[in-house]
Every structure is written in structure tokens, then in C-alpha cells.
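Me: Hi! I'd like to walk through this model with you, a bit at a time. Can I just fire off questions as they come up?

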Amino acid sequence: MVTALIRAALPSDEPVWRALWRGYCDFYSVPLPPEATQRTWQRILDPDSAVMCIVAEIDGRVRGFANCVVHENTWETQPVCYLEDLFVAEEARRHGVGSALIEWLRNAMRAEGWARIYWMTREDNTRARRLYDRFTQADGFVRYVLRPATAPAQ
Ligand SMILES: CC(C)(COP(=O)(O)OP(=O)(O)OC[C@H]1O[C@@H](n2cnc3c(N)ncnc32)[C@H](O)[C@@H]1OP(=O)(O)O)[C@@H](O)C(=O)NCCC(=O)NCCS
């Protein structure tokens, strides 16, 4: 187990965050338009935005990140935290970095008064799911996505 320093992303993290973000998008085979990446990074640095990013630093090098959105919701009075993206550089995996990022969020939840942290992953992402199963059990909800161009279901 390595000791990772978990902290909020800083403007100086932009090159390494972008490199890790590229790895994450490649992992999901999502060719994100550059303006989406640019906008995400801007929002991460904007204190008035609901988007936040924490990074994991090992020996002075950022090796992983978690992007989250803290938002209001209809089921609780307190805000909730959506963990949208989690990524650890391939060569830094299986040393507890992913766990450390989630653990940091768990502490933030207690400190900030979030009602819960929630996230989703692909059903077949077994590596991530083994990590997640150590924190909590999947709750059985299924995701539906509707886009402007989605054809009506038959
Ligand atoms: C999923 C992901 C974030 C996990 O990050 P990680 O830093 O490897 O996570 P951890 O090291 O905390 O835990 C992962 C595994 O390493 C094991 N591990 C932790 N420390 C270890 C150590 N010192 N030696 C050996 N194994 C160790 C954990 O037990 C766990 O093993 P398991 O999967 O067999 O249960 C990372 O694999 C990743 O970025 N994957 C690609 C993107 C992705 O899937 N993101 C999630 C999308 S929702």
C-alpha cells in the first residue's frame, strides 16, 4: 500500500489531469470533443461550480483523480455527491489509490454534511466493481439515457 496525498486539483495540475482524463476517455472509448474537456477543467477550477476534482499524488506526482458533482436532490434535505469519474494511472493501480480517493470523499461527506455519495459503472467493469464492493453494495438501479436524437423505443 502506498501513501497517496489526496487534495483538491490546482491550476498547475492541468497537464497531468488532461493526460489522465485522456486515459479515462480511452478506457471508455469515448471521443470527447475538446470543448467538453476544456469546460470540465474550467468548472473544476471555478469555486462557484458544483463540479469538483480531487487528485491523488504519490511522491509528488499526480497518479489519479476523481471528478464529482455536488448537487441538491429531492430525496434528502442535504446535498449529495455524484462521483462521476474515477481514474488511476495504469502503473499506479492496485496500491490503494482508488480506495484512498473514495475514502477521502467519505470523510468529506461527513465533514460537509452530504447525505450520500453515489456512482455507477458498467456492469462488466469487474475491476472497479471489486473495489466498490468493498465500500458498499450496488443497489440494483439501472441507468436509462435519452438524448435529443434518440429514436422512440418500439
Ligand atoms: C478502478 C480503478 C480506479 C481502481 O484504482 P486502484 O488504485 O487500482 O484501486 P485500489 O488499489 O484501491 O484497489 C483495487 C485493487 O487493488 C488491490 N490492492 C490494493 N492495494 C494493493 C496492494 N498493495 N497490493 C496488491 N493489491 C492491492 C485491492 O484489493 C483491489 O483488488 P481487487 O480488485 O482484487 O479487490 C482503476 O483500476 C482504474 O482507473 N481503472 C480504469 C478506469 C475505471 O474503471 N474507472 C472506474 C470507472 S466507474
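Me: Which residues is Thr37 in contact with, leaving aside its neighbours within four places in sequence?

Reply: With those neighbours set aside, Thr37 is in contact with Trp17, Arg18, Trp21 and Leu32. Keep in mind that this is a predicted model.

Me: Good to know. Where does Thr37 lie?

Reply: Thr37 lies in helix α2, which covers residues 34-45.

Me: And is Thr37 buried or exposed?

Reply: Thr37 counts as buried, because its relative accessibility is 10% and the cut-off for buried is under 20%.

Me: Let's go to helix α1. What about Ala19, how does it count by accessibility?

Reply: Ala19 is found in helix α1, residues 14-27. Its relative accessibility is 38%, so Ala19 counts as partly exposed.

Me: How far is Ala19 from Ala89, C-alpha to C-alpha?

Reply: Their C-alpha atoms are separated by 9.5 Å, while the two residues are 70 apart along the chain.

Me: Asp26 is in that helix too, right where I was looking. Is Asp26 buried or exposed?

Reply: Asp26 is found in helix α1, and it is exposed, with a relative accessible area of 55%. For a pair separated in space, take Asp26 and Arg110: they are 84 residues apart in sequence and 33 Å apart from C-alpha to C-alpha.

Me: Now the core. How many residues does the largest nonpolar core have?

Reply: The largest nonpolar core has 24 residues, and those with the most contacts inside it are Leu83, Leu86, Leu101, Ile102, Leu105, Trp114 and Ile117. Two or more residues each come from β2 (51-58), β3 (61-71), β4 (80-88), α3 (97-112) and α4 (126-133).

Me: Which element gives the largest share of this core?

Reply: That's α3, with 6 residues.

Me: Can you zoom in on Ile102? What is it in contact with, beyond its neighbours within four places in sequence?

Reply: Ile102 is in contact with Leu83, Leu86, Trp119, Leu131, Tyr132 and Phe135. There is also a second, separate core of 15 residues, which includes Tyr24, Val51, Val62 and Ala89.

Me: On to the ligand. How many residues surround it, and which are the closest?

Reply: The ligand is surrounded by 22 residues, and the closest are Leu86, Arg94, Gly96, Gly98 and Ser99.

Me: What does the shell around the ligand look like by class?

Reply: It has 11 nonpolar, 6 polar and 5 charged residues. The largest share of the shell comes from α4, which gives 5 residues.

Me: Which protein atoms do oxygen atoms of the ligand sit 2.8 Å from?

Reply: At 2.8 Å from a ligand oxygen there is a polar backbone atom of Gly98. An N or O atom in the side chain of Asn125 is also 2.8 Å from an oxygen atom of the ligand. In addition, a polar backbone atom of Val97 is 3.5 Å from a ligand oxygen.

Me: And how much of the ligand's accessible area does the protein cover?

Reply: The protein covers 83% of the 930 Å² of accessible area that the ligand has on its own.

Me: Changing topic to Asn73. Where is its place, and is it buried or exposed?

Reply: Asn73 has its place in the loop between β3 and β4. It counts as buried, because its relative accessibility is 18%.

Me: What does the side chain of Asn73 reach?

Reply: It reaches the backbone oxygen of Gln78 at 3.1 Å. A polar contact of 3.3 Å also joins the side chains of Asn73 and Arg116. Not counting residues up to four places away in sequence, Asn73 touches Gln78, Pro79, Val80 and Arg116.

Me: How far apart are Asn73 and Ala115?

Reply: They are 42 residues apart in sequence, and 9.6 Å apart in space from C-alpha to C-alpha.

Me: Last thing, backbone angles. What is the phi of Ser29?

Reply: Phi of Ser29 is near 50°, a positive value in a residue other than glycine. Ser29 is found in the loop between α1 and α2, and it counts as exposed at 63% relative accessibility.

Me: And what about the phi of Asp59?

Reply: Asp59 has a positive phi of about 50°, although it is not a glycine. Its place is in the loop between β2 and β3, and Asp59 is exposed, with a relative accessible area of 78%.

Note on methods:
Residues numbered from 1 in each chain as written. Predicted model: local features only at pLDDT ≥ 70, side-chain atom pairs only at ≥ 80, totals over all residues. Heavy atoms only, no water. Core = buried A, V, L, I, M, F, W, Y, C linked by side-chain atoms within 4.5 Å. Buried < 20%, exposed > 50% of the residue type's maximum accessible area, 1.4 Å probe, protein only. Helix = DSSP H or I, 4+ residues; strand = E, 2+ residues; numbered from the N terminus. Contact = heavy atoms within 4.5 Å. Near = heavy atom within 4 Å. Polar contact = N/O pair within 3.5 Å; in protein donor to acceptor, adjacent residues only side chain to side chain. Areas by Shrake-Rupley, 256 points an atom, 1.4 Å probe, with all protein chains shown as cover. Nonpolar A, V, L, I, M, F, W, Y, C, P; charged D, E, K, R; others polar.
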